[in-house]
Amino acid sequence: MTWLISPKVEGNELSWLTEEGSLTERLKKEFDEVKVEIVYEGVYLLDKTFYTREVILKSNDKPRVFARTLVKEDDLLQAWSSLKNLGDQSLATILFDSAEIKKISVFYKELFLGNSLFDHVSSISPTHKKSLWARKSSWEKEGAHLDLIEIFL
């Protein structure tokens, strides 16, 4: 299944998937607290020319969102250098605090067992759900791109 321009869900799920602002801020409003648990940071194993950062956003110790950031290694040295200094802070501290950064696209996809992303996320944060919704957005700063996949747990 390909990525969709709009998700085929309704209600609260649609509201989360199409959130225009920071998911971290929304989680704070809904659940009072958010912790960023780093799963992996370093060379992207499927393409060594990319750097990746994988985290799980948790509220009240419950996993809420898995996020994977991908940036070309070369762009990590310049436009996206602040990515390496995030530590346990949310990516939102970079994306929503600079007028230089623009979201250029967003797509949606329902993931099922057998999909490599679904299986990867399930191995990190086991789920009993039959499907998980994901959104993929691309961001631009100084001509350099950052790709972000967020999977709603």
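## Charged groups over aromatic rings

R26 is placed over the face of W16, at 4.0 Å from the ring centre, in what is a predicted model. A second arrangement of this kind involves R64, whose charged end sits over the ring of F31 at 3.8 Å from its centre.

## The aromatic pair

A pair of aromatic rings is described by the distance of the centres and the angle of the planes. The count of aromatic pairs in this model comes to one. That pair is made by F96 and W139 in an edge-to-face arrangement, with 5.6 Å from centre to centre and 80 degrees between the planes; because planes over 60 degrees apart count as edge-to-face, the angle places the pair in that class. The two residues are 43 residues apart and the pair links distant parts of the chain, F96 lying in the loop between α4 (92-95) and β4 (102-112) and W139 in strand β5 (residues 131-141).

The partners can also be described by their accessibility. F96 has a relative accessibility of 37% and therefore counts as partly exposed, whereas W139, with a relative accessible area of 5%, is buried.

## T52 in strand β2

T52 belongs to strand β2 (residues 50-59), and its relative accessible area of 2% means that T52 is buried. The side chain of T52 reaches the backbone oxygen of T69 at a distance of 3.0 Å. When its neighbours within four places in sequence are left aside, T52 is in contact with Y40, E41, G42, V43 and Y44, and also with R68, T69 and L70; T69 thus appears both in this set of contacts and as the residue whose backbone oxygen the T52 side chain reaches.

## Helix α5 and its buried face

At the start of α5, a side-chain oxygen of N115 comes to within 2.8 Å of the backbone nitrogen of L117. Within this helix, which spans residues 116-124, the residues L117, F118, V121 and S122 are buried. Viewed down the axis of α5, these buried residues fall within an arc of 130 degrees, so they line one face of the helix. An α-helix has 3.6 residues a turn, so residues three or four places apart point the same way.

The buried residues of α5 pack against four strands, namely β3 (62-72), β4, β5 and β6 (144-152). On the face of α5 that is turned away from its buried side are the exposed residues S116 and S123. Strand β5, one of the elements against which the buried residues of α5 pack, is also the strand that holds W139 of the aromatic pair.

How values were computed:
Residues numbered from 1 in each chain as written. Predicted model: local features only at pLDDT ≥ 70, side-chain atom pairs only at ≥ 80, totals over all residues. Heavy atoms only, no water. Phe/Tyr/Trp six-rings, centres within 6.5 Å; stacked < 30°, edge-to-face > 60°. Buried < 20%, exposed > 50% of the residue type's maximum accessible area, 1.4 Å probe, protein only. Lys NZ or Arg CZ within 6 Å of the ring centre and 35° of its normal. Polar contact = N/O pair within 3.5 Å; in protein donor to acceptor, adjacent residues only side chain to side chain. Contact = heavy atoms within 4.5 Å. Arc of directions from axis to C-beta.
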